[in-house]
Amino acid sequence: MSASFPTGTAPIDLTMTRDDRFLYTLNAGAGTIAAFQVSRDGGLIPRGEAGGLTPGGGAQGIAVR
């Protein structure tokens, strides 16, 4: 399984959790943060999005712990 982003989403940064089980992307064009679970074979399983950021509003990076 692979992940894809709709046109205009504009993922500009990504980060993984310390245990390499989850990947998060900052999608500047959509004003969202998307979450993916990393499968054993390296594939990405979509786990949802959080919105509320202003699309194109200036968020420049993402970090997780």
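**Figure 1. Confidence across the predicted model.** The protein has a mean pLDDT of 84, and 88% of its residues reach 70 or more. This is a predicted model. Confidence is lowest in β1, with a mean of 88. Confidence is highest in strand β3 (residues 32-38), at 93.

**Figure 2. The whole chain, with four strands and zero helices.** Along the sequence the pattern reads β-β-β-β. The protein has 65 residues, and 22% of them count as buried. Its accessible surface is about 4,400 Å². Carbon and sulfur atoms account for 51% of that surface. Take the contacts between residues at least 6 apart in sequence: 29% of these join residues at least 24 apart.

**Figure 3. The open sheet, ordered β1-β2-β3-β4.** Its four strands pair in the antiparallel sense. Strands β1 and β4 (44-50) stand at the edges. Each of these two has a single partner strand, so one side of each is left without a neighbour in the sheet. From one strand to the next, the twist averages 25°. Strands of a sheet pair through backbone hydrogen bonds, in either a parallel or an antiparallel sense.

**Figure 4. Pairing of β1 with β2.** Strand β1 spans residues 11-16, and strand β2 spans residues 22-27. Five bridges join β1 and β2, and the pairing is antiparallel. Which residue of β2 stands opposite P11? N27 takes that place. Further bridge partners in β2 are L26 for D13 and T25 for L14.

**Figure 5. D20 in the loop between β1 and β2.** The hairpin of β1 and β2 has five residues between the strands. D20 has a positive phi of about 65° although it is not a glycine. Most residues other than glycine have a negative phi. Is D20 buried, exposed or partly exposed? D20 counts as partly exposed, because its relative accessible area is 48%, and that class lies between the cut-offs of 20% and 50%.

**Figure 6. Surroundings of T15 in strand β1.** Is T15 buried or exposed? T15 counts as buried, because its relative accessibility is 17%, and the cut-off for buried is under 20%. Which residues does T15 touch, leaving aside those up to four places away in sequence? One group is F22, L23 and Y24. The others are I62, A63 and V64. F22, L23 and Y24 fall within the residue range of β2, 22-27.

**Figure 7. Pairing of β2 with β3.** Six bridges join β2 to β3, and the two strands run antiparallel. One of the partner pairs links T25 to A34 in β3. T25 is also the bridge partner in β2 of L14. T25 thus has a partner named on each neighbouring strand: L14 and A34.

**Figure 8. The hairpin of β2 and β3.** Four residues lie between the strands of this hairpin. Which residue here takes a positive phi near 70°? That residue is G31. In the hairpin of β1 and β2, D20 takes a positive phi near 65°.

Conventions. Residues are numbered from 1 along each chain as its sequence is written. This is a predicted model: local features need pLDDT of at least 70, side-chain atom pairs count only at pLDDT 80 or more; totals for chains, interfaces and linings use all residues. Side-chain values use heavy atoms; hydrogens and water are left out. Buried means under 20% relative accessible area, exposed over 50%, partly exposed in between (1.4 Å probe, protein chains only). Contact means heavy atoms within 4.5 Å. Two strands pair if DSSP finds at least two bridges between them. Axes are lines fitted to C-alpha atoms, for helices over the stretch in contact, and angles run from 0 to 180 degrees between N-to-C directions. pLDDT is the predictor's confidence in each residue, from 0 to 100. Accessible areas come from the Shrake-Rupley method with a 1.4 Å probe; for residues, only the protein chains shown count as cover.
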